[in-house]
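Open the model in your viewer and keep the selection tool handy. We will go from stop to stop, picking out a few places and looking at what surrounds them.

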Amino acid sequence: MAREAEFAGHDNDGSDDLGFIDDGVGATFLLPVGKASHTLLHELRNVVVGNSYIAPYSNRRGILTFVVGGNPSIGGRPVNERMTLENAELIVEGRINVHSNSISRLELSVVGRTSGFKLNVPADISYDDARTRRKFGSRLYKFSAHCDLEAIADQLPNDTLDLYVEFDGPQLEEPVRRRFGRSRYLVRRHSRSTRVGHCGKTILLTPYYTFKAKNPSIYSEVFDSQVFEHMRSSVAERKGSRNHRPRVDKPVWVIGELPYKAQDNGLHFFKYLRHNHPEIDAYYVIEPDSPEQSNLAGYDHVIAFRSKQHVDVALAADRFIGTHHPDYLYPTRSPRFGAAVASVPKIFLQHGVMGAKWMVPNYGKKSSDFVTDLVITSSEREKQIFIKDFGYSADEVAVTGLARFDALLADDVDVRPGQILIIPTWRPWLQDPETFTESAYFERWSSLLSAEVITGLVEEHGCEVVFCLHPNMQQFTRHFDRPGVTVVSQGEVDVQYLMKRSAVMITDYSSVAFDFSFLDKPVAYYQFDSRRFAQPHVSAKEELPGPTFVDEDELTSWLMDALTGRDDSADQYRQRSRRFITYQDRRASARTFEAITAVQSSHSPLTRAIHSEEISAAGRLLRKHKQYRPVMKQIYKLFRMLPIDPNIIVFESGQGRQLGDNPGAIYDELVNRGDTRLKVWIYNKRFPIRDDQTIIVKKYSPEYFWYLARAKYWVSNQNMPHFIHRRSQGVYIQTWHGTPLKKMFLDIDQIVGRDEGYVARVTEATRQWTVLVSPNPYTTDIMRSAYAFGGPSVELGYPRNDVLLNEAADDRRKSVRQRLGLADSDFVVLYAPTFRDDKPTTRGRFAFEWPFPPEEFESRFASTNVKLLVRAHVLINTKIRVPKDSETITNVTKLPDIQELYLASDMLVTDYSSVFFDYSLLKRPICFYAHDLEKYRQELRGFYLDYSTELPGPIVESAEDLYHAIDTARETGQLEGSVPLADFVDRFASADDGHATERVVDALLDLGEATAKKTEPRL
C-alpha cells in the first residue's frame, strides 16, 4: 500500500484522527497511517508469523489496519443506486466496496420467498480506481445487471422476489452473498413498474422496499390478461376522483386478511356482518384456490382475489377493512391502484394484540407503506401503545376487542390435556432458503422439538406436539419434520381451533400468546434471540402473560410443571392477561361495527402530502443544511421570550443516545409517583412509552429547541450544547455520569485530540448548571475543580444505582439475561472501557480499538461458559467488530441502560472508566485491563486516584493476564485488589442504599407544582 502526496489535504480541523502531545520541547503529532487525499491500493496478502498470521486491510475509516490471528472485515455491502422495471426489463445499478479483497465475479440473484423461484443474472462490474483513491483505499466497484423479463415470463410466479448480490474474488475462500442494499429516497422515488405477457396471462412487476432496511424487492403478480386490461382501463377512468366511483345501492365494505387467509378477525367480522347487517354490502376477498376458502362455505359475497369482480368491488368500496396493510385487499399492490382508492377510509382490524414485538416501522402513523383511519384494539393499555408508540391520535384508535374473540371465548371445544402448541413468529431476516438451516432460529427450534423432555412426553405420556409456523415461514416447513411432531403452517389449519384445543402454548414474540392467556391457559415465551429485536411495546418482565426463557432446559422444566398444574405463578400471569382485554362479553364484532360506521377518512390530499415520504425526506435534508442550526439558534432565542412553563421537565442522557443513567432513574421515579407534568425525552430513536405525559423529541429538531426554551427543568448527565442557554428562572439539574477516575477538562495538564474552541465551548456549557447531583464529597470537589462549578451540590446517593440495590434487582438481572440470550449457567464478563483522546474521528467523537484480538478471546473461551458483553463509551462512534456468528462475544453498546448490564454480569473488566465505582456496589469481581497505562497516565489524562494502590481489583497489562483473571474470577467468584471492595464502597458510595432517587426528587423537583392542570399546547 502506498500513500500519495504526503497526506495532502489532511487538515487539522479537529475532525481527524490526530493526537497532539506537548513534551516541553516540541510538538509530537500522533497520525495513524491512512486517510491520505489519494491512496494507491495493491493486493494485500496475509503474512504468516509463527503459528499465526497478520492480515492487513484498509478499514472503513481509511486507516491501515492489521488483524492478528483472524480475518479482516470483508465489507461488501451493496448499495442500490438504481432499481427499476421498465419496458419489460429489470435494470439494476449499484456499488459495493470491500476492505481487503478484490472482486472478480458478481451476479444478481432474484429469489422468490415462497415459490422456490430463483434467477441468477450475471453483472457487469468495473473497478472505480479514482473513487477508491479518494476513499482511502477501500476498494469500490460499480456493477449493473439487466434481465429481459419477457424471455422468462413463463417462469415468473405469484410471489415476492428478493434481490441478492453474490460475489467472489481470488482471496475469498467461498462466494459471499449479501442482500441488495439500502436505497435512498430518490432511488425509490424513480423506481418504475412493468408488465409482461405469456399465454393469456399478464405478469405485473412492481418495485417494493422493505419496511426497515429499504432493501429492494419485487411484487410479481399474475393476472388473467382480460382482468388486467379491465383493471387498467377502470383505474384510468376513475383517475382518483370520487365522482367516478361506480353507483351502488348499499355501502360497499371490502373485508379480508392476507389474500390466502380466512380464519382471523376479517373472517369473524365478515360473518357477523352477513348475519346482522344486510344493509351493508360486505364482500370477502380470498384467493380461489386457498384451502381456507372452506371457512366461508355457505356465505355469499365471497369474491375471488384478482378477479374482474374484485376490481369492480374494490373501486366501488366505501370501506377497506383488513387485518394487515390495506393494499392486501386490492387486486394489485401497484401504487396507481392505491392512489385511485386513496380517499376511501381504511380500518386496521389487526391480527393480534400488540405488545410483544416492536411494530412501529410496519404500522406506525409515519410509516410510508401503511395507512389507516381507525385502529381496532382490545384494551385501554393497547390503545395507549398506539397513541404513544405508533403516533396515532386518540380518535383514531377504538377499544372494541378483536372480532375473533367472539368465537375464542365460546366454550365449544374440548381441551386435550396433553396437547402442546408451539407457535413461533417469523424473522424478517430469514427469507433466504440457502442460509436458513444455518440460522439460530432453525437450530434452537429443532433442538426443542427433539429435546429429551419433549420426546418423553410424546412417547411415555401420550402428549401431542403441534409445531405451527408463521405464514411467512411456511417455505421452511419440511425442515422441522420430527417423529411425534405435527408440523403445520398457519394457512393450513385454524389457529384459533388449535389454541382452544391445546393445553399449553410455547411461542417467542407472537401475539397469539395473549389469545391463549385469555383462555386462562399457561403460555411461555422462548426468546433466545431477543437481542435481534427492538425493545417491545410492553415490559416482558412486568406485563407479558407468561414467563420468558432463553435456556431450553429451563423452558422444558416449566413445560412439565405447566402440564401437571404445578405452575405457582399462574395467578400472577392471569392478572397480567386481564389488563389486555377490556371486554369478555363476546360482543367485540358489534362494537367494531359501531366504530367503523362512524369513521371518516382522515387522509385528504393535503394530509397525505403532509405525511408523505417526500416531506419527511425534505425535512431530513433541511436539518442537514449548513444554515439549519444557525437559524434554529436564532429561533431558540425567540422561543425563550415566551413564558417559562413550570410543568415541563426535559430529560437527556448520553447526549440523546441513551435513556438510562441518572436522568432515567429520576424520570422513572416521577412516573411511579404519578407526576402529571409533561416529561420530554431528548432521544434520537423511538422507545415504548408507558406514561401519558411523556413525549420524545429528536436532538436538534424544531421541537428540541421549543421545549428547551419553554421548560423550567432540565435533567441531564452531560453538557447541553454551548449555544443552549438556561432561562434565568430555569433549573438545570446536572447529574453527571459517574465518579471520576481519569482527570477531566481544566484538571488535564494538556488536552489532547480537541480543537482550539473546545475549552471555551465547555466553559460556556458548564455555566448553565444550576445544581449538581454528586455521589460523594470526592466527586463534588473534582467537579468544582475540573469545571469551575460554584453552585450548590447534593450528596444524596446516585439515582442510577438504586436498581443495583433494591429488592427487584435479582428479578431484573434474570430478565436482562434472558433478553440477551444468556443462560443462568453462563459466566458473564462485562467489558466497558473508556475512550482514548488520541483516537478522534469527528469533533467530540472517538474510535474504538480492541486491545486484544476478539478472535483470540473467542478461541480461548469457546469451550467454557464465559460470555463477553462489550459496552463502548457513549463518545465512541465507530463500529465494534465482533467475530461473525460469535457465540461468546456480544456488542451491547446500543442497550440504553448500563446499570442493567451491571446486574446481568458476573464480572467487570474496565480500564480507566468510572464504571467500576458503581459496579463495586455489587461486590462482584473487577479487573483493570490497563494495556496502555503509562501512555494514558503520562500523555493523555492522568488520574485523581493512585491507580496502583487505590483500586478494588487487580491491574493487568497483557491479554494473557486478563484471561487468567477471568478464569480465577469464574472459579472463585472473587479477585483481590489493593483495596477491599467493602472499604472502597464505604469511601465512594456510602449514601447508596436503593433510595437515592427518592431523596433527589424530593430535594430538587418541587412536587408542589406537579398539579393536574394542563400544560400549554405542545408544538
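Start by selecting helix α21, residues 702-710, and then show its surroundings in this predicted model. The buried residues of α21 pack against one helix, α19 (628-639), and against the strands β32 (645-652), β33 (678-682), β34 (694-697) and β35 (711-716). Which residues of α21 are the buried ones? Colour Tyr704, Phe705, Trp706, Tyr707, Leu708, Ala709 and Arg710 to see them. Since 7 of the 9 residues of α21 are buried, the rest of the structure largely encloses this helix.

Next, select helix α20 (residues 661-672) together with helix α32 (residues 996-1004). Their axes come within 9 Å and cross at roughly 80°, so α20 and α32 are roughly perpendicular to each other. On the α20 side, show Ala665, Ile666, Glu669 and Leu670; on the α32 side, show Thr997, Glu998, Val1000 and Val1001. These contact residues divide into 5 nonpolar, 1 polar and 2 charged.

For another crossing, move to helix α4 (residues 265-276) and helix α16 (residues 588-598). At what angle do the axes of α4 and α16 cross? The angle is roughly 80°, and the axes come within 10 Å; α4 and α16 are therefore roughly perpendicular to each other. α4 brings His268, Phe269, Tyr272 and Leu273 to the contact, while α16 brings Ser589, Ala590, Thr592, Phe593 and Ile596. The residues of this contact comprise 6 nonpolar, 3 polar and no charged.

Now pick a single residue, Gly364, in the loop between α7 (360-363) and β24 (374-377). Is Gly364 buried or exposed? Its relative accessible area is 2%, so Gly364 is buried. Show its neighbours too: leaving aside residues up to four places away in sequence, Gly364 touches Met359, Phe370, Phe390 and Tyr392. If you draw a distance between the C-alpha atoms of Gly364 and Tyr392, expect 7.8 Å, for residues 28 apart along the chain.

The last stop is empty space. The model has 5 cavities of 30 Å³ or more, and the largest has a volume of about 60 Å³. To frame the largest cavity, select its lining: Leu85, Leu90, Val110, Phe117, Leu119, Cys147, Leu149, Ile152, Leu156, Leu161, Leu205 and Ile218. How does this lining divide by residue type? There are 12 nonpolar residues, no polar and no charged.

Note on methods. Residues are numbered from 1 along each chain as its sequence is written. This is a predicted model: local features need pLDDT of at least 70, side-chain atom pairs count only at pLDDT 80 or more; totals for chains, interfaces and linings use all residues. Side-chain values use heavy atoms; hydrogens and water are left out. Buried means under 20% relative accessible area, exposed over 50%, partly exposed in between (1.4 Å probe, protein chains only). Helices (H or I, at least four residues) and strands (E, at least two) are DSSP runs, numbered from the N terminus. Contact means heavy atoms within 4.5 Å. On a 1 Å grid over the protein atoms alone, a cavity is a set of points where a 1.4 Å probe fits but cannot get out, and a pocket is an open set with protein on both sides within 12 Å along at least five of seven lines; lining residues have an atom within 4 Å of a point. Grid points are joined across faces, edges and corners, and a volume is the space filled by probe spheres set on the points. Ala, Val, Leu, Ile, Met, Phe, Trp, Tyr, Cys and Pro count as nonpolar, Asp, Glu, Lys and Arg as charged, and the others, Gly among them, as polar. Axes are lines fitted to C-alpha atoms, for helices over the stretch in contact, and angles run from 0 to 180 degrees between N-to-C directions. Angles under 35 degrees count as roughly parallel, over 145 as roughly antiparallel, 65 to 115 as roughly perpendicular and the rest as oblique.
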